[in-house]
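Please open the model in your viewer and keep the sequence panel beside it. This tour goes from one selection to the next and says what is there at each stop.

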Amino acid sequence: DAGTVAVLLPGAYYLLRETQCPPVELFRKHHVAMAIASDANPGTSPALSLRLMINMACTLFRLTPEEALAGVTTHAAKALGLQHSHGTLEIGKVADFVHWPLSRPAELAYWLGGQLPCTVIFRGEVRQ
């Protein structure tokens with residue numbers, strides 16, 4: 001009820017060889033938003049790929065692709081206190097996003113490594 005967001009770090013979990021998964025079922029039961037992040041920490045998670053974190057959240061923590069996608073967008077923005085300006089595609093919000101020509105969110109979690117064809121939009125402008 002307090003609006004707390006659980007931040008899951010699948011890269012750190014993997015690289016530190018953790019054995020206790022986060023209580024995802026408990027978070028679901030109590031409707032706790034779950035953000036997904038890379039941590040991008042040289043000591044615990046030198047991971048730079050957000051798509052890899054989506055994959056790891058699905059495979060290691062058993063999140064659905066839709067939960068993982070919400071975790072790197074809507075819930076991540078909320079965890080940072082930026083939900084009023086970021087995290088969803090809405091009029092009045094910052095238009096920073098990546099468009100992948102995929103048919104469903106599961107494809108984000110499926111492909112490992114490499115670059116998928118995409119269009120990057122930063123501040124509403126197409127970037128190369």
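A residue is called buried when its relative accessible area is under 20%, and exposed when that value is over 50%, with partly exposed in between. Keep in mind throughout that this is a predicted model.

**Stop one: strands S2 and S1**

Begin by selecting strand S2, which covers residues 33-36, and show its side chains. Ala33 and Ala35 point one way from S2, while Met34 and Ile36 point the other way, and all of them are buried. Now add strand S1, residues 5-8, which pairs with S2 in the parallel sense over four bridges. If you look across from one strand to the other, you will find Val7 opposite Ala35 of S2.

**Stop two: the nonpolar core**

Which residues touch the most other members of the largest nonpolar core? Select Leu8, Val24, Met34, Ile36, Ile54, Phe61 and Leu63, for these are the ones, out of the 19 residues that make up this core. Then colour the elements S1, helix H2 (24-29), S2, H3, H4 and helix H6 (106-110), each of which supplies at least two residues of the core. The largest share, six residues, comes from H3.

**Stop three: two loop residues with positive phi**

Move next to the loop between H2 and S2, where His31 is found. The phi of His31 is near 55 degrees, which is a positive value in a residue other than glycine. Is His31 buried or exposed? With a relative accessible area of 73%, His31 is exposed, because the cut-off for that word is over 50%.

Continue to the loop between S2 and H3 and select Ala40, which also is not a glycine and yet has a positive phi of about 45 degrees. Ala40 has 46% relative accessibility and therefore counts as partly exposed. Before leaving this part of the model, you can draw a distance from His31 to Ala57, which are 26 residues apart along the chain and whose C-alpha atoms are separated by 17 Å.

**Stop four: the open sheet**

Select S3, S4 and S5 together, and you will have an open sheet of three strands in the order S3-S4-S5, with antiparallel pairing. S3 and strand S5 (125-127) stand at the edges and each has a single partner strand, so one side of each is left without a neighbour in the sheet. From one strand to the next, the twist averages 35 degrees. Zoom in on S4 and S5, which run antiparallel and are joined by three bridges, and pick out Val120, whose bridge partner in S5 is Arg127.

**Stop five: the largest pocket**

Finally, turn on a surface display and look for the largest pocket, which has a volume of about 1,100 Å³. To centre the view, select Leu50, Val72, Thr73, Phe97 and Val98, which are the closest to the pocket's centre among the 40 residues that line it. The elements giving two or more residues to this lining are strand S2 (33-36), helix H3 (50-61), helix H4 (65-72), helix H5 (74-79), strand S3 (97-99) and strand S4 (119-122). Which element gives the largest share of the lining? That is H5, with four residues. If you colour the lining by class, you will see 27 nonpolar, ten polar and three charged residues.

Note on methods:
Residues are numbered from 1 along each chain as its sequence is written. This is a predicted model: local features need pLDDT of at least 70, side-chain atom pairs count only at pLDDT 80 or more; totals for chains, interfaces and linings use all residues. Side-chain values use heavy atoms; hydrogens and water are left out. On a 1 Å grid over the protein atoms alone, a cavity is a set of points where a 1.4 Å probe fits but cannot get out, and a pocket is an open set with protein on both sides within 12 Å along at least five of seven lines; lining residues have an atom within 4 Å of a point. Grid points are joined across faces, edges and corners, and a volume is the space filled by probe spheres set on the points. Ala, Val, Leu, Ile, Met, Phe, Trp, Tyr, Cys and Pro count as nonpolar, Asp, Glu, Lys and Arg as charged, and the others, Gly among them, as polar. Two strands pair if DSSP finds at least two bridges between them. Axes are lines fitted to C-alpha atoms, for helices over the stretch in contact, and angles run from 0 to 180 degrees between N-to-C directions. Buried means under 20% relative accessible area, exposed over 50%, partly exposed in between (1.4 Å probe, protein chains only). A nonpolar core is a set of buried Ala, Val, Leu, Ile, Met, Phe, Trp, Tyr and Cys residues joined through side-chain atoms within 4.5 Å.
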